[in-house]
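Colleague: Hi! I would like to go through the labels in this model with you and hear the reasoning behind each one.
Modeller: Happy to, let's take a look together.

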Amino acid sequence: MIPFSTLALVARLKELVRPEDTVIDVGSGPGRLALPLALYCSHVTAVEPSPSMASLLTEQVREHGIRNVTLVQATWEDARVEVGEV
């Protein structure tokens, strides 16, 4: 079950994201924010250093058929990502 605070945060972020936006989710974990936001924007770059969390994210992306999420498996300091709007 997703905690209410996550649902409230996703609802608030949806208000800020436009269909043409690129979102960067730093410390994305298994995708609690990245995956729902991917439904409302052009692309999500998920930065996640943990191999186990990155694996879970990849599994969720595949399971749900989400095609606009890119995983960058690195720490934020080492990640090479394009600039995003959100």
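Colleague: How do you know that Glu15 and Arg12 are separated by about one helical turn?
Modeller: Glu15 and Arg12 are three residues apart in helix H1 (residues 4-16), so about one helical turn separates them. A helix here is a DSSP run of H or I with at least four residues, while a strand is a run of E with at least two, both numbered from the N terminus. This is a predicted model, where local features need pLDDT of at least 70, side-chain atom pairs count only at pLDDT 80 or more, and totals for chains, interfaces and linings use all residues. Residues are numbered from 1 along each chain as its sequence is written, and side-chain values use heavy atoms, with hydrogens and water left out.

Colleague: Why is the contact of Glu15 and Arg12 called a salt bridge?
Modeller: The term asks for a side-chain nitrogen of Lys or Arg within 4 Å of a carboxyl oxygen of Asp or Glu. For Glu15 and Arg12 the N to O value is 2.8 Å, so the pair meets the definition.

Colleague: What makes Glu15 exposed and Arg12 partly exposed?
Modeller: Buried means under 20% relative accessible area, exposed over 50%, and partly exposed in between (1.4 Å probe, protein chains only). Glu15 has 60% and counts as exposed, whereas Arg12 has 45% and counts as partly exposed.

Colleague: Which residues are joined into one network by salt bridges that share partners?
Modeller: Arg18 pairs with Asp21 at 2.7 Å between the closest N and O atoms, and with Glu20 at 3.5 Å. Arg18 is partly exposed at 43%, while Asp21 is buried at 1%. Salt bridges with shared partners thus link Arg18, Glu20 and Asp21 into one network.

Colleague: How do you know that S1 and S2 pair?
Modeller: Two strands pair if DSSP finds at least two bridges between them. Five bridges join S1 to S2 (residues 43-47), so the condition is met, and the two strands run parallel. One of the bridge partners is Val44 in S2, matched with Val23.

Colleague: And what is the order of the three strands in the open sheet?
Modeller: The order is S1-S2-S3, with parallel pairing. S1 (22-26) and S3 (69-72) each have a single partner strand, so one side of each is left without a neighbour in the sheet.
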